[in-house]
Amino acid sequence: MIRILTDSAADLTAKEAAAIPGLVVVPLNVLFEDGETIRDGVDMTRAEFYDRLEAADKLPRTSQPSPESFIQAFEEARDAGDEVVAILISSKLSGTFQCAQLAAEECEFHDVYFVDSDTASPGEYILIREAVRLREDGISAAEIAAQLDLLKRRIRILAVVDSLKHLHKGGRLPAAVALVGGALGIKPVLSVYEGAVHLADKARGRPGAYVAMFKQLDKMGGIDTNYDHVLVYSSSRLALNPIQQYVTHNLKLPAGHISQIGSVIGTHIGPSAAGIAFVVPPNE
């Protein structure tokens, strides 16, 4: 059997994870200023997390899983005679990928094929769904990983956020970029590709930011409908309404999968964020 291993930054719900046979989710951690540490997606609901985030004086810190979490998953696969395709958050955003590699070396598990997703949250979800499809088609673990390595280059995330302070404080954006997007009334549009977060555009007010985001989507080449697209939000699902309207009415596509950002990515993206993850058409 081919197991699919991912981390909690993929933001699958427990119900979604349970519906995928052979899926293992390893949680990252969130550390609050009072010293409490929670496992992402395990110890606190997403609603509880965003309530706490908005009330916090100091931004929580995030950390990669323990090596023991990966070792346990790899040893269970080895004992069962299974192979593993490991789809993990971008190594440019977290040390999780390197931690998993070291864990495999430590327990001498060799039947694992690593995919540095170069993305996070809904981008990881797209890769997981494609891995499941390929597995159902009887594709080998090695070939699944190879195909995902090609597909990840075409995955894009676009999102409107209230501010860049969370990304800057968390070390995911340089101060100069955060300053550009921090003017009064300006709402940044972020993009995620090639493993990193970028300031794609900005506009005055959320309505203008949504328009700027849609223009960026069109500029990127639009959505390849052969793959899933994902609508994603942090604290308020209502923030998705303009995006859902654009996708269904302007692009004439289904709304797609809807996902709430979990506590690890939410720590850096902040409340009231909304966006879309999709695959761009291949270059001809």
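Let's start at the face of F32, where R52 sits 3.9 Å from the ring centre. Keep in mind that this is a predicted model. The ring under that arginine has an aromatic partner as well: F32 pairs with F49, with 6.4 Å from centre to centre and 50 degrees between the planes, so the pair counts as tilted, since that class lies between the stacked limit of 30 degrees and the edge-to-face limit of 60. Where do the two rings come from? F32 belongs to the loop between β3 (29–31) and β4 (37–39), while F49 is part of helix α2 (residues 46–55), so the pair ties together parts that are 17 residues apart in sequence. Both rings are tucked away: F32 is buried at 7% relative accessibility, and F49 is buried with a relative accessible area of 1%.

Now move along to another ring pair, F97 and F114. Here the ring centres are 5.8 Å apart and the planes meet at 75 degrees, so this one is edge-to-face. This pair also links distant parts of the chain, with F97 in helix α4 (residues 96–106) and F114 in strand β7 (residues 112–116), 17 residues apart. F97 counts as buried because its relative accessibility is 10%, under the 20% cut-off. Step back a little and you'll see that F97 and F114 belong to a cluster linked by ring pairs, together with F70, F74 and F109. Across the whole structure, a search turns up seven aromatic pairs.

Next stop, helix α10 (residues 241–250). Which of its residues are buried? I243, Y246 and V247 are. They span an arc of only 90 degrees around the axis, which means they lie on the same side of α10. And what covers them? Among the elements doing so are α9 (205–219), β11 (230–233) and β13 (274–279). Just past the end of α10, look at the backbone of K252, which takes a positive phi of about 60 degrees.

Two of those covering elements, α9 and β11, lead us to the last stop, because the loop between α9 and β11 is where D224 is found. Is D224 buried or exposed? With a relative accessible area of 8%, D224 is buried. A polar atom of the D224 side chain lies 3.0 Å from the backbone nitrogen of N226. Leaving aside residues up to four places away in sequence, D224 touches R154, V279, V280, P281 and P282.

Notes. Residues numbered from 1 in each chain as written. Predicted model: local features only at pLDDT ≥ 70, side-chain atom pairs only at ≥ 80, totals over all residues. Heavy atoms only, no water. Buried < 20%, exposed > 50% of the residue type's maximum accessible area, 1.4 Å probe, protein only. Helix = DSSP H or I, 4+ residues; strand = E, 2+ residues; numbered from the N terminus. Arc of directions from axis to C-beta. Contact = heavy atoms within 4.5 Å. Polar contact = N/O pair within 3.5 Å; in protein donor to acceptor, adjacent residues only side chain to side chain. Phe/Tyr/Trp six-rings, centres within 6.5 Å; stacked < 30°, edge-to-face > 60°. Lys NZ or Arg CZ within 6 Å of the ring centre and 35° of its normal.
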